[in-house]
Amino acid sequence: MADDQLYVVFKLGAVDYGAPISMVQEIIEHRPATRLPGTPPFVEGVIDLRGQRVIPVVNLRMRLGLPTAEPGVETRIMVVECGTVTGLVVDGVTEVLNIQASQVDPPDRAAGNVSTGYLLGVARLEGRLVPLIDLARVIGSEAAA
(Lines give C-alpha, C1' and ligand atoms only; values in the text may rest on other atoms or scores of the structure.)
Protein backbone atom coordinates (compact mmCIF):
# COMPACT_ATOMS: atom_id res chain seq x y z
CA MET A 1 0.00 0.00 0.00
CA ALA A 2 1.27 3.47 -0.87
CA ASP A 3 1.91 6.03 1.88
CA ASP A 4 -1.58 7.44 1.46
CA GLN A 5 -4.42 6.78 -0.93
CA LEU A 6 -7.88 8.11 -1.68
CA TYR A 7 -10.83 5.82 -1.00
CA VAL A 8 -14.50 6.11 -1.89
CA VAL A 9 -16.51 5.28 1.23
CA PHE A 10 -19.81 3.49 0.66
CA LYS A 11 -22.44 1.86 2.85
CA LEU A 12 -23.67 -1.69 2.94
CA GLY A 13 -26.26 -1.74 5.69
CA ALA A 14 -24.95 0.20 8.68
CA VAL A 15 -21.28 -0.43 7.87
CA ASP A 16 -18.97 1.90 5.95
CA TYR A 17 -16.56 0.26 3.50
CA GLY A 18 -13.81 1.78 1.37
CA ALA A 19 -12.61 1.11 -2.16
CA PRO A 20 -9.63 2.68 -3.93
CA ILE A 21 -10.87 5.72 -5.85
CA SER A 22 -8.48 4.84 -8.67
CA MET A 23 -10.78 1.95 -9.60
CA VAL A 24 -14.04 3.94 -9.44
CA GLN A 25 -15.00 5.53 -12.77
CA GLU A 26 -18.28 7.09 -11.68
CA ILE A 27 -21.24 6.77 -9.36
CA ILE A 28 -24.74 6.69 -10.84
CA GLU A 29 -28.27 6.40 -9.50
CA HIS A 30 -29.57 2.87 -9.09
CA ARG A 31 -31.68 1.54 -11.92
CA PRO A 32 -33.17 -1.86 -12.64
CA ALA A 33 -30.91 -4.25 -14.53
CA THR A 34 -31.93 -6.65 -17.28
CA ARG A 35 -31.48 -10.14 -15.87
CA LEU A 36 -29.52 -12.59 -17.99
CA PRO A 37 -30.06 -16.35 -17.78
CA GLY A 38 -27.27 -18.47 -16.37
CA THR A 39 -25.59 -15.74 -14.33
CA PRO A 40 -24.78 -16.14 -10.62
CA PRO A 41 -27.45 -14.86 -8.20
CA PHE A 42 -25.29 -11.87 -7.18
CA VAL A 43 -25.26 -10.59 -10.78
CA GLU A 44 -28.41 -8.48 -11.06
CA GLY A 45 -28.05 -8.31 -14.83
CA VAL A 46 -26.83 -5.67 -17.26
CA ILE A 47 -27.49 -1.97 -17.79
CA ASP A 48 -26.83 0.42 -20.67
CA LEU A 49 -24.26 2.94 -19.49
CA ARG A 50 -25.11 6.25 -21.22
CA GLY A 51 -25.75 4.52 -24.54
CA GLN A 52 -22.03 3.75 -24.83
CA ARG A 53 -21.77 0.22 -23.49
CA VAL A 54 -23.60 -2.55 -21.70
CA ILE A 55 -22.08 -3.48 -18.34
CA PRO A 56 -22.81 -6.19 -15.75
CA VAL A 57 -24.23 -5.10 -12.40
CA VAL A 58 -23.24 -6.99 -9.25
CA ASN A 59 -25.18 -6.76 -5.99
CA LEU A 60 -22.28 -6.15 -3.61
CA ARG A 61 -24.29 -7.23 -0.55
CA MET A 62 -24.94 -10.64 -2.09
CA ARG A 63 -21.40 -10.95 -3.43
CA LEU A 64 -19.99 -10.41 0.07
CA GLY A 65 -22.51 -12.79 1.67
CA LEU A 66 -24.46 -10.05 3.47
CA PRO A 67 -28.26 -10.01 3.84
CA THR A 68 -30.03 -8.51 0.83
CA ALA A 69 -32.16 -5.35 1.01
CA GLU A 70 -34.51 -3.54 -1.32
CA PRO A 71 -32.98 -0.52 -3.09
CA GLY A 72 -33.65 2.77 -1.31
CA VAL A 73 -33.36 6.44 -2.28
CA GLU A 74 -29.63 6.45 -1.45
CA THR A 75 -28.83 3.23 -3.37
CA ARG A 76 -26.17 3.82 -6.02
CA ILE A 77 -24.23 1.92 -8.65
CA MET A 78 -20.47 2.41 -8.44
CA VAL A 79 -19.05 1.88 -11.91
CA VAL A 80 -15.61 0.38 -11.42
CA GLU A 81 -12.77 -0.72 -13.70
CA CYS A 82 -10.92 -3.87 -12.62
CA GLY A 83 -9.99 -5.47 -15.89
CA THR A 84 -13.61 -5.13 -16.92
CA VAL A 85 -16.10 -2.32 -16.33
CA THR A 86 -18.69 -3.45 -13.79
CA GLY A 87 -21.43 -1.78 -11.76
CA LEU A 88 -21.55 -2.50 -8.03
CA VAL A 89 -24.83 -1.88 -6.19
CA VAL A 90 -24.20 -0.20 -2.81
CA ASP A 91 -26.61 1.26 -0.25
CA GLY A 92 -25.06 4.72 -0.54
CA VAL A 93 -21.84 6.60 -1.15
CA THR A 94 -20.85 8.91 1.68
CA GLU A 95 -17.42 10.46 1.17
CA VAL A 96 -13.91 10.33 -0.21
CA LEU A 97 -11.15 9.88 2.36
CA ASN A 98 -7.39 10.20 2.22
CA ILE A 99 -6.19 7.23 4.25
CA GLN A 100 -2.58 6.95 5.40
CA ALA A 101 -0.86 3.56 5.21
CA SER A 102 -0.15 3.85 8.95
CA GLN A 103 -3.92 3.88 9.60
CA VAL A 104 -4.48 0.50 7.92
CA ASP A 105 -4.12 -2.90 9.57
CA PRO A 106 -3.50 -5.75 7.11
CA PRO A 107 -6.38 -8.23 6.73
CA ASP A 108 -4.68 -11.10 8.56
CA ARG A 109 -3.94 -8.97 11.61
CA ALA A 110 -7.37 -7.31 11.61
CA ALA A 111 -9.45 -10.48 11.29
CA GLY A 112 -7.31 -13.21 12.80
CA ASN A 113 -8.24 -16.59 11.31
CA VAL A 114 -11.40 -15.33 9.59
CA SER A 115 -11.35 -15.50 5.78
CA THR A 116 -10.34 -12.12 4.42
CA GLY A 117 -10.26 -12.82 0.70
CA TYR A 118 -11.98 -9.57 -0.23
CA LEU A 119 -10.12 -7.29 2.21
CA LEU A 120 -7.17 -5.02 1.52
CA GLY A 121 -7.13 -4.13 5.21
CA VAL A 122 -9.08 -2.28 7.88
CA ALA A 123 -8.61 1.46 8.32
CA ARG A 124 -8.70 2.92 11.83
CA LEU A 125 -10.29 6.38 11.51
CA GLU A 126 -11.31 8.64 14.40
CA GLY A 127 -13.30 6.13 16.42
CA ARG A 128 -14.52 3.96 13.54
CA LEU A 129 -13.24 1.06 11.50
CA VAL A 130 -13.56 1.02 7.71
CA PRO A 131 -12.92 -2.29 5.94
CA LEU A 132 -11.11 -1.63 2.65
CA ILE A 133 -12.44 -3.85 -0.13
CA ASP A 134 -10.28 -5.44 -2.85
CA LEU A 135 -12.53 -4.76 -5.86
CA ALA A 136 -10.45 -6.92 -8.21
CA ARG A 137 -11.11 -9.98 -6.04
CA VAL A 138 -14.77 -9.09 -5.47
CA ILE A 139 -15.46 -8.83 -9.17
CA GLY A 140 -13.20 -11.64 -10.34
CA SER A 141 -13.86 -13.46 -13.59
CA GLU A 142 -16.95 -15.27 -12.32
CA ALA A 143 -18.84 -12.02 -11.66
CA ALA A 144 -18.75 -10.84 -15.25
CA ALA A 145 -22.05 -11.29 -17.05
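This passage describes selected side-chain features of a predicted model, from a surface patch to aromatic rings and a loop residue.

On the surface, Leu6, Ile21 and Val96 together make a nonpolar patch of about 220 Å². Of these residues, leucine 6 belongs to strand β1, which covers residues 4–12. Its relative accessibility is 40%, and leucine 6 therefore counts as partly exposed, since that class lies between the limit of 20% for buried residues and the limit of 50% for exposed ones.

With regard to aromatic side chains, the structure holds one aromatic pair. The ring centres of phenylalanine 10 and tyrosine 17 are 6.0 Å apart and the ring planes stand at 20 degrees, so the pair is classed as stacked, because planes under 30 degrees apart fall into that class. Phenylalanine 10 and tyrosine 17 are both buried, whereas leucine 6, as noted above, is partly exposed. A further aromatic residue, phenylalanine 42, is found in contact with a charged side chain: arginine 63 lies over the face of its ring, at 4.4 Å from the ring centre.

The last feature concerns aspartate 134, which is located in the loop that runs between strand β11 (128–133) and helix α3 (135–139). The relative accessible area of aspartate 134 is 15%, and the residue is therefore buried, as the value falls under the limit of 20%. From this position in the loop, the side chain of aspartate 134 reaches the backbone nitrogen of alanine 136 at a distance of 3.3 Å.

Terms used
Residues are numbered from 1 along each chain as its sequence is written. This is a predicted model: local features need pLDDT of at least 70, side-chain atom pairs count only at pLDDT 80 or more; totals for chains, interfaces and linings use all residues. Side-chain values use heavy atoms; hydrogens and water are left out. Patches are made of residues with over 30% relative accessible area and no salt bridge: like charges are joined within 9 Å, nonpolar side chains (Val, Leu, Ile, Met, Phe, Trp, Tyr) within 5 Å. Accessible areas come from the Shrake-Rupley method with a 1.4 Å probe; for residues, only the protein chains shown count as cover. A salt bridge is a side-chain nitrogen of Lys or Arg within 4 Å of a carboxyl oxygen of Asp or Glu. Helices (H or I, at least four residues) and strands (E, at least two) are DSSP runs, numbered from the N terminus. Buried means under 20% relative accessible area, exposed over 50%, partly exposed in between (1.4 Å probe, protein chains only). Rings of Phe, Tyr and Trp (its six-membered ring) pair if their centres lie within 6.5 Å; planes under 30 degrees apart count as stacked, over 60 as edge-to-face and the rest as tilted. A charge sits over a ring if NZ of Lys or CZ of Arg is within 6 Å of the ring centre and within 35 degrees of the ring normal. A polar contact is a pair of N or O atoms within 3.5 Å; within protein, one must be able to donate a hydrogen and the other to accept it, and residues adjacent in sequence count only if both atoms are side-chain atoms.
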